[in-house]
Amino acid sequence: MQATLQATQQILQVEQQKVERLIALQQQRVAETQKIADKGNANLLKAEEERLNELNKKREKYVEAQQALAAVELIANSA
C-alpha cells in the first residue's frame with residue numbers, strides 16, 4: 001500500500017511540475033500578447049488568458065489530488 005501511495009505521489013508531482021512549466025510559458029505569452037493587445041488585438045489576449053486560466057485549474061486539480069493522497073497515506077499509517 002505504501003509503495004502504491006508513493007508511486008502515485010511521484011506521478012502527481014511530475015504532472016504538476018509539467019503544468020507549472022506550461023503555466024510559466026503561458027504567462028510569458030500573456031505578457032507578450034498584452035503588448036499586442038495594447039495596439040488593438042484584444043481577441044488574442046483573451047485567448048491566451050483563457051489558456052492560462054485552464055492551466056491554473058489543472059494545477060489546482062493536481063494539488064487537490066496530492067492533498068487527498070496525503071490524507072489517505074495518513075489514514076493508512078494510522079491504522
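Let me begin with a definition, since everything that follows leans on it: when I say helix, I mean a DSSP run of H or I that is at least four residues long, and the numbering of such runs starts at the N terminus. In that sense Q66 has its place in helix α2, which covers residues 42-78. I should also say at the outset that what you have in front of you is a predicted model, and please keep that in mind throughout.

Let me turn to the chain as a whole. It holds 2 helices and 0 strands. With a radius of gyration of 18 Å, well over the 12 Å that the globule rule gives for 79 residues, the chain is more spread out than a compact globule. The C-alpha trace, taken along its principal axes, spans about 60 × 15 × 10 Å.

As for the surface, the accessible area of the chain comes to about 5800 Å², and carbon and sulfur atoms account for 54% of that, while buried residues make up 20% of the 79 residues. On the charges, there are 11 positive and 11 negative ones, and their mean positions lie 5 Å apart.

How much of the contact count, at a separation of 6 or more, comes from residues 24 or more positions apart? The share is 74%, and I would like to go through some individual residues with that figure in mind.

I will start with Q66, which we have already placed in helix α2. Is Q66 buried or exposed? Its relative accessibility is 12%, and because the cut-off for buried is under 20%, Q66 counts as buried. Once residues up to four places away in sequence are set aside, Q66 touches Q9, L12, Q13 and Q16. There is also a C-alpha separation to report here, namely 9.9 Å between Q66 and I11, which are 55 residues apart along the chain. I11 belongs to helix α1, and at 53% relative accessibility I11 counts as exposed.

The next residue in sequence, Q67, also lies in helix α2, but Q67 is exposed, with a relative accessible area of 52%. From Q67 to Q9 the C-alpha distance is 9.7 Å, across 58 residues of sequence.

Moving on to T8, we find this residue in helix α1, where its 32% relative accessibility makes it partly exposed. T8 and L69 are 61 residues apart in sequence, and their C-alpha atoms are 8.1 Å apart in space.

Further along helix α1 we come to I23. I23 is buried, its relative accessible area being 3%. Which residues does I23 contact, leaving aside its neighbours within four places in sequence? They are L52, L55, N56 and R59. For I23 and E60, which are 37 residues apart in sequence, the C-alpha to C-alpha distance is 12 Å.

The last residue I want to show is T33, which is found in helix α1, a helix that runs over residues 2-37. T33 is buried as well, at a relative accessible area of 6%. The side chain of T33 reaches the backbone oxygen of R29 at a distance of 2.6 Å. Beyond its neighbours within four places in sequence, T33 is in contact with L44, L45 and E48.

To draw this together, the predicted model shows a chain with 2 helices and 0 strands, in which T33 contacts L44, L45 and E48, I23 contacts L52, L55, N56 and R59, and Q66 touches Q9, L12, Q13 and Q16, in each case not counting neighbours within four places in sequence. I would be glad to return to any of these residues in the discussion.

Key. Residues numbered from 1 in each chain as written. Predicted model: local features only at pLDDT ≥ 70, side-chain atom pairs only at ≥ 80, totals over all residues. Heavy atoms only, no water. Rg over C-alpha atoms; globule rule 2.2 N^0.38 Å. Buried < 20%, exposed > 50% of the residue type's maximum accessible area, 1.4 Å probe, protein only. Contact = heavy atoms within 4.5 Å. Areas by Shrake-Rupley, 256 points an atom, 1.4 Å probe, with all protein chains shown as cover. Lys, Arg positive; Asp, Glu negative; His and termini not counted. Charge placed at Lys NZ, Arg CZ, Asp CG, Glu CD. Polar contact = N/O pair within 3.5 Å; in protein donor to acceptor, adjacent residues only side chain to side chain.
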